[in-house]
Amino acid sequence: MEKIVYWFRRDLRVRDNWGLIRAASLGAVVGVFVWDSAVVGRSGRFARAFLVDSLVQLRDEMRRLGSDLVVVRDLAEFEGRQVVGSDEVGVFESTEAGQVGAELVRQDFLVDYDWRALPGIFTKFRKEVEPVGDVRVLDEPSLRGWVWNGERCSLDELMDEFCGVERRFSESASERMREFIWESRCLQNYKQTRNGFWGEGDSSCLSPYLAWGCLSPREVFVEIKKFEIEVVANASTYWLIFELLRRDYFHYLARQQGARMFLQEGIQGLALDWSGGNDLYEAWFEGRTGYPIVDACMRQLLATGWMSNRGRQITANFLTKVLNVDWRMGADWFERNLIDYDVASNWGNWQYQAGVGTDGREFRVFHPVKQAAEHDPESEFIRKWLPELAGISANEARMPGAHCDVVVDFDEAVGANRSKYLSQIRKVNSGF
Ligand SMILES: Cc1cc2nc3c(=O)[nH]c(=O)nc-3n(C[C@H](O)[C@H](O)[C@H](O)COP(=O)(O)OP(=O)(O)OC[C@H]3O[C@@H](n4cnc5c(N)ncnc54)[C@H](O)[C@@H]3O)c2cc1C
């Protein structure tokens, strides 16, 4: 019987894992995760701690199925072996897979789509693929294992390395999904709550599980459909599917655009003058811009590795449209700090916020005070992360300069940056 290595990457699950099923059809399988690899990349301590916990769970699952999971340091361990792996998006990820010469299985999507034909606007893509038809979730395969005779590193040692990191997501992927959809039934009101800043209770918090592939988007979809049949189908259940499609869109975009996902001029090829310096960048990532909602979100990220979608939109928009700092520095900071870092969703959303990505050329601005008033009306979230604002009114707590001096004047900065952006667009449109 052939000895097959199944190379786990961002697909840390045994259920609905098309690559693992393919490997099992070829022979006896041992699962291998490579620690010094592109998928781990520059991810920060929260993402790595989450990863180690997920690997421990995956090892138990692989053992239950009659095989094993080993963690190795580097790709050299694959030399001379027959390797099947998951096809991941990202330039480094693809290069690395090419070096290994693995057979790759693409499986990170909800809807199958020819990415070469992907439109530059999400809504067009969504309308093409909606309504999402039948989606099948594949069962876990039964496996025959073999004994790995190469080097390996100890998962226990890796766990020790991250034991001081606070675990925000300690439950398994299926527990998290059950909690959000069935136990709390938060799904039912998701459309109304999803813009909250807290996470649990507001939105699904499934992103770390989806980012590491502990859960496939198809599994989430099937569960939502079940909820629609057994409980209710409403705008909220639809909206969660909508967000899974947005994820698909960015994943296909990353496949289509390759290295352009990381270029300063973005996929639009817009050469903009990013004049904001390091002092502004540092004030942003340390949470001391003087704009309370921006600083609260940035401090939350630094302390927990998590930030809500609304928080990400506000802070990314602020860095680019107000501070005029090169958007790639922000994307890089998120990459090194987010627990749910995902190359396609991160760089795609950053390009969009910077005005160099998908969905056209517009100078959209999020006003930090209005955003805070709408989504944190009692300023509870602001005060949690800026405790120095305790004791003043909710309205005062969201005002610029409430906790420290502002680094720039909002109206002045936005006015100047908008003129620069629009004049560049005019130049590009007129062919100069
Ligand atoms: C600047 C910026 C950077 C981002 N970086 C990442 C990242 O590195 N990793 C990541 O997973 N998401 C990223 N997002 C998207 C989004 O903010 C998170 O997916 C979401 O906040 C995760 O919370 P949730 O699981 O509760 O989401 P929910 O609202 O419950 O949505 C369910 C799932 O849909 C997907 N999803 C939701 N919104 C988006 C979106 N805008 N783009 C792509 N997928 C989406 C996610 O997989 C999410 O888990 C980023 C957004 C912005 C604006």
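## Polar contacts with the ligand

A polar contact is a pair of N or O atoms within 3.5 Å; within protein, one must be able to donate a hydrogen and the other to accept it, and residues adjacent in sequence count only if both atoms are side-chain atoms. In this predicted model, local features need pLDDT of at least 70, side-chain atom pairs count only at pLDDT 80 or more, and totals for chains, interfaces and linings use all residues. Residues are numbered from 1 along each chain as its sequence is written, and side-chain values use heavy atoms, with hydrogens and water left out.

An oxygen atom of the ligand lies 2.6 Å from an N or O atom in the side chain of Ser-203. For the side chain of Asn-309, the distance from a ligand oxygen to an N or O atom is 2.7 Å. At Ser-207 the partner is a polar backbone atom, 3.0 Å from an oxygen of the ligand. The protein covers 97% of the 810 Å² of accessible area that the ligand has on its own (Shrake-Rupley method, 1.4 Å probe).

## The shell around the ligand

The ligand is surrounded by 27 residues (each with a heavy atom within 4 Å of it). The closest are Tyr-190, Ser-203, Ser-204, Cys-205 and Asn-309. By class, 12 residues of the shell are nonpolar, nine are polar and six are charged; Cys and Tyr count as nonpolar, and Gly counts as polar.

Helices here are DSSP runs of H or I with at least four residues, numbered from the N terminus. At least two shell residues come from each of α8 (207–211), α10 (235–257), α13 (309–322) and α15 (343–354). The most come from α10, which gives five. Because domain 2 (155–258) and domain 3 (278–429) both give residues to the shell, the ligand lies between them; the domain bounds come from an automatic or database assignment.

## Backbone exceptions

Most residues other than glycine have a negative phi, and most peptide bonds are trans. Cys-205 is not a glycine, yet its phi is positive, about 55°. Cys-205 is in the loop between α7 (190–193) and α8.

Glu-130 and Pro-131 are joined by a cis peptide bond, with omega about -10°. Pro-131 belongs to the loop between α4 (122–129) and α5 (155–161).
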